Amino acid sequence: MRLSNFFLPVLKETPSEAEIISHQLMMRSGMISQSSSGIYSWLPLGLKVLKKIENIVRDEQNKAGVNEILMPTIQPADLWKESGRYDDYGKEMLRIQDRQEREMLYGPTNEEQVTDIFRRSIKSYKDLPTLLYHIQWKFRDELRPRFGVMRGREFLMKDAYSFDLDHDECKKSYYKFFISYLKTFRRMGLKAIPMAAETGPIGGDLSHEFVIISDTGESDIYFDKRILSEDSKIEDVAYDNDLEQVVQQYNNYYTASDEKFDQTEFDNNVAKDQQTKSKGIEVGHIFSFGTKYSEAMKANVLTSEGKQAYVHMGSYGIGISRLVGAIIESSHDTKGIIWPNVVSPFDIGLINLKSSDEKINNICDDIYSNLLNENVDVLYDDKKDNPGVKFSKMDLIGLPLQMIIGNKTIETNEVEIKYRKSGEVKYIKVENLPNFVQEIKKSSAI
Ligand code: 5CA
């Protein structure tokens with residue numbers, strides 16, 4: 001993509017309403033544009049990151065054997081009256097009337113909708129477990145929308161739902177999602193801590209939040225520091241392993257969000273020098289709630305003994321749009337964002353320092369088309385701005401690797417390579433660039 005053709009409305013000033021760094025950087029780098037309180041348009045740079053995160057989440061759900069569906073954003077109120085949550089949800093739910101004066105709502109979550117889909121088609125234990133997910137926009141009329149996409153009113157969530165015959169089978173599904181979440185966050189370069197959590201309006205008796213440590217997090221978290229070095233080679237864990245054992249390795253460490261925190265329990269279970277209190281961002285939340293919805297909505301199946309049984313359910317959310325902010329919170333410096341390679345909007349930024357010079361333009365054009373041929377996603381700054389503007393823009397948007405072409409390239413036939421994260425700079429002869437690109441592709445440096 002040529003920058004001259006790319007819609008990238010960067011801001012010179014930090015917008016005054018943006019309190020935390022991720023919100024500031026997302027606004028400054030033209031990733032999002034505010035529509036109204038807690039509601040944003042996603043501009044090209046932001047949308048590319050959102051899609052990359054979405055695709056990692058999708059890939060890990062598919063690998064765990066969960067089926068992707070797409071449910072509507074607008075749901076009939078009747079389903080929520082069946083479950084009893086229509087009144088419980090209160091003002092956070094956006095209620096709508098259609099032209100027939102039927103009560104509708106913009107979905108804040110989808111337990112009712114998915115239970116309705118399930119009960120219409122699944123009638124036998126033989127079809128269990130059933131695992132479904134979708135990636136869809138949600139609306140919650142939050143009392144205090146803030147911090148940009150971190151606590152929005154409209155936000156993108158991956159929500160999955162499991163249906164099982166009994167409590168034990170339901171636990172197996174829960175463990176599956178638990179492991180898939182650790183894999184998902186690990187792939188994004190995040191260290192997410194699973195924490196025993198309250199279930200809130202979703203209900204149920206078993207729940208974990210997945211929280212990443214960040215000074216700007218909204219909740220206080222307490223944990224045994226040793227959980228940060230727990231590895232369990234999570235990326236290699238296969239789903240037909242004994243997952244309970246892996247989950248147990250994490251559950252052995254004391255962790256609690258502020259709602260569940262108990263000082264005496266903390267002191268009894270964690271040595272003083274391992275006790276850690278911090279702020280955290282909740283990027284995922286999983287729940288197991290038995291027959292809460294299946295009983296209320298009559299979602300039952302025939303058992304092997306020929307009896308009817310209510311299915312045991314769980315629900316499993318990941319805040320996809322929140323993750324964009326959370327990743328920036330955990331990866332930035334004073335110059336701007338530092339994207340982990342896997343979610344970076346482009347692989348490489350190619351900077352032409354002298355776009356008035358025909359020779360330099362030709363070299364840049366050549367490098368640009370070679371990179372495209374190699375399927376490298378490159379943002380080519382071909383604009384007429386001065387070098388200072390170009391450097392600070394490229395640093396701000398945080399692509400992992402920059403290729404810089406200027407007078408020096410003509411004089412010594414070298415391209416300057418700059419790594420955004422370490423600041424390391426090296427020079428490569430133009431004719432050696434194809435080899436360099438092959439190497440970095442192999443080493444997944446891009
Ligand atoms: N039905 C369950 C699981 S599918 C559910 O709704 N869980 S939740 O309420 O915890 O939301 C799931 C995830 O969505 C949270 O962990 C969080 O990462 C994200 N999320 C929740 N509210 C917001 C919000 N207002 N803005 C951005 N992300 C949010």
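**Exercise 1. Around Val 283**

Leaving aside its neighbours within four places in sequence, which residues is Val 283 in contact with?

*Solution.* Before starting, note that this is a predicted model, where local features need pLDDT of at least 70 and side-chain atom pairs count only at pLDDT 80 or more, while totals for chains, interfaces and linings use all residues. Residue numbers start from 1 along each chain, following the sequence as written.

- Step 1: two residues are in contact if their C-beta atoms, placed from the backbone, lie within 7 Å.
- Step 2: by that rule, Val 283 touches Phe 185, Ala 192, Phe 210, Ile 212, Ile 318, Gly 319, Arg 322, Leu 323 and Ala 326.
- Step 3: Val 283 also belongs to the largest nonpolar core, which has 97 residues; Val 283 is among those with the most contacts inside it, along with Ile 53, Ala 192 and Leu 350. Such a core is a set of buried Ala, Val, Leu, Ile, Met, Phe, Trp, Tyr and Cys residues joined through C-beta atoms within 7 Å. Buried means 20 or more other C-beta atoms within 10 Å of a residue's own, exposed means 12 or fewer, and partly exposed lies in between, again with C-beta atoms placed from the backbone.
- Step 4: helix 6 (residues 167-187) gives the most to this core, nine residues. Helices (H or I, at least four residues) and strands (E, at least two) are DSSP runs numbered from the N terminus.

**Exercise 2. Two domains**

Where does the domain assignment put the two domains, and how many residues does each bring to their contact?

*Solution.*

- Step 1: domain 1 spans 3-337 and domain 2 spans 346-442; such bounds come from an automatic or database domain assignment.
- Step 2: their C-alpha centres are 38 Å apart.
- Step 3: ten residues from domain 1 meet ten residues from domain 2.
- Step 4: on the domain 1 side, five of these are nonpolar, three polar and two charged. Here Ala, Val, Leu, Ile, Met, Phe, Trp, Tyr, Cys and Pro count as nonpolar, Asp, Glu, Lys and Arg as charged, and the others, Gly among them, as polar.

**Exercise 3. Strand 10 and its partners**

Is strand 10 largely enclosed or largely open, and which strands does it pair with?

*Solution.*

- Step 1: six of the eight residues of strand 10 (residues 206-213) are buried, so the rest of the structure largely encloses this strand.
- Step 2: strand 9 (residues 192-196) pairs with strand 10 in the antiparallel sense over five bridges; pairing requires at least two DSSP bridges between two strands. Across this pair, Ile 193 stands opposite Val 211.
- Step 3: strand 13 (residues 275-290) also runs antiparallel to strand 10, with eight bridges. Here Ser 207 has Phe 287 as its bridge partner.

**Exercise 4. The ligand shell**

Which element supplies the largest share of the shell around the ligand?

*Solution.*

- Step 1: 21 residues surround the ligand, and Phe 155, Asp 159, His 285, Gly 317 and Gly 319 come nearest. A residue is near when its C-beta atom, placed from the backbone, lies within 6 Å.
- Step 2: strand 8 (154-164), strand 13, strand 16 (312-319) and helix 10 (320-330) each supply at least two residues.
- Step 3: strand 13 has the largest share, with five.
- Step 4: by class, the shell divides into six nonpolar, eight polar and seven charged residues.

**Exercise 5. Strand 19**

Which residues of strand 19 point one way, and which the other?

*Solution.*

- Step 1: in a regular strand, side chains alternate between the two faces of the sheet.
- Step 2: Ile 348, Leu 350 and Asn 352 point one way, Gly 349 and Ile 351 the other, and all are buried.
- Step 3: strand 19 joins strand 20 in parallel through four bridges, and Ile 351 has Asp 381 as its partner there.

**Exercise 6. Unusual backbone spots**

What is the phi of Glu 101, and which peptide bond is cis?

*Solution.*

- Step 1: most residues other than glycine have a negative phi, and most peptide bonds are trans.
- Step 2: Glu 101 has a positive phi near 65°, in the loop between strand 5 (94-97) and strand 6 (103-106). Glu 101 is exposed, with 6 other C-beta atoms within 10 Å.
- Step 3: Lys 298, also not a glycine, has a positive phi of about 55°. Lys 298 is exposed, with 12 other C-beta atoms within 10 Å.
- Step 4: the bond from Leu 128 to Pro 129 is cis, with omega near -5°.
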